[in-house]
Amino acid sequence: LTMANYFFGHNAKTLVDQEEMTGIVTGLGDFIRAYAPGAVNMPITAYDDYFAGPWATAREHEAKHRELTKCIGESVRDLDYSAYLLLYGITLYSISQQTMDGMDIPQKDRQVIGKAQNYMELLYKRYTKHLIGWKKASDTRLNQRYLLDKMGECVLIFSMKNLHLNDLTDSKTLDVSSVK
């Protein structure tokens with residue numbers, strides 16, 4: 001979601017505008033303003049800068065990943081940072097009953113997760129209707145299930161069809177257990 005928003009969830013022409021329009025602050029905009037004002041018109045950080053091929057096992061996977069990422073980013077373009085955070089929360093609590101069964105999650109925690117899922121989805125639906133109007137908010141591309149499905153496809157391509165080249169396109173080298 002973050003990657004799609006950052007690369008495609010805006011119509012900025014400069015990196016500084018890209019940060020401001022997406023709400024995703026990398027710190028580069030602040031650095032440019034403070035130490036390199038001549039670079040204020042630096043072009044955006046583009047998807048193809050990070051995902052220069054070959055990075056997947058087939059060009060078709062690379063093209064599909066780009067297409068999905070672009071679809072997600074363009075879908076959330078009219079939303080503000082609050083709506084993005086609600087979608088992020090929906091993504092965080094997106095777990096099926098079958099998965100919880102397999103993980104042996106206690107019933108009390110399942111109830112909390114279920115309530116969180118329902119509340120986040122309700123908040124997102126109401127907020128988007130308020131933000132952009134009921135007609136536009138009813139667009140299939142803004143439906144949280146639709147977006148979750150697209151994100152799921154992206155994750156599968158990124159994780160299962162990756163060449164693992166130890167570069168920006170590789171998640172294999174990330175060891176979350178090493179963070180203390």
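In what order do the elements of the protein run from the N terminus on? In this predicted model, the succession reads α-α-α-α-α-α-α-α-α-α. The protein accordingly contains 10 helices and 0 strands. Its C-alpha trace spans about 55 × 40 × 40 Å along the principal axes. The chain comprises 180 residues, of which 36% count as buried. About 11300 Å² of the protein is exposed, and carbon and sulfur atoms supply 56% of that area. Contacts between residues at least 6 apart in sequence were also examined: 64% of them join residues at least 24 apart.

Helix 2, which covers residues 15-22, was considered in detail. Its buried residues are Leu15, Val16, Gln18, Glu19 and Thr22. These residues lie on the same side of helix 2, because they cover an arc of only 160 degrees around the axis. An α-helix has 3.6 residues a turn, so residues three or four places apart point the same way. The partners of the buried residues of helix 2 are three other helices, namely helix 1 (2-8), helix 3 (28-35) and helix 6 (81-92), against which they pack. Beyond its end, helix 2 is followed by Gly23, a residue with a positive phi near 80 degrees.

Among the buried residues of helix 2 is Glu19, a residue with a charged side chain. Glu19 is buried yet has no salt bridge. The nearest side chain of opposite charge belongs to Arg33 and is 5.5 Å away, whereas a salt bridge requires the nitrogen and oxygen atoms to lie within 4 Å. The side chain of Glu19 instead reaches the backbone nitrogen of Gly27, at 3.3 Å. When neighbours within four places in sequence are left aside, the residues in contact with Glu19 are Ile24, Val25, Thr26, Gly27, Leu28 and Gly29.

Salt bridges were then sought across the whole structure, and 10 were found. One of them brings together the side chains of Glu20 and Arg33, with an N to O distance of 2.8 Å. Since Glu20 lies in helix 2 and Arg33 in helix 3, this pair ties together parts that are 13 residues apart in sequence. Glu20 is exposed, its relative accessible area being 53%, while Arg33 is partly exposed at 41%. Arg33 also meets Asp30 in a salt bridge, here with an N to O distance of 3.2 Å. Arg33 and Asp30 both belong to helix 3 and stand 3 residues apart, which means that about one helical turn separates them.

A further salt bridge links Arg110 and Asp101, whose closest N and O atoms are 2.5 Å apart. Arg110 counts as buried, at 14% relative accessibility, and Asp101 counts as partly exposed, at 47%. Shared partners, in turn, join Glu20, Asp30 and Arg33 into one network of salt bridges. Arg33 takes part in this network through its pairings with Glu20 and with Asp30. Glu19, by contrast, has no salt bridge, although Glu19 lies in helix 2, as does Glu20.

Methods. Residues are numbered from 1 along each chain as its sequence is written. This is a predicted model: local features need pLDDT of at least 70, side-chain atom pairs count only at pLDDT 80 or more; totals for chains, interfaces and linings use all residues. Side-chain values use heavy atoms; hydrogens and water are left out. Buried means under 20% relative accessible area, exposed over 50%, partly exposed in between (1.4 Å probe, protein chains only). Helices (H or I, at least four residues) and strands (E, at least two) are DSSP runs, numbered from the N terminus. The arc is that of the directions from the helix axis to the C-beta atoms. Contact means heavy atoms within 4.5 Å. A polar contact is a pair of N or O atoms within 3.5 Å; within protein, one must be able to donate a hydrogen and the other to accept it, and residues adjacent in sequence count only if both atoms are side-chain atoms. Accessible areas come from the Shrake-Rupley method with a 1.4 Å probe; for residues, only the protein chains shown count as cover.
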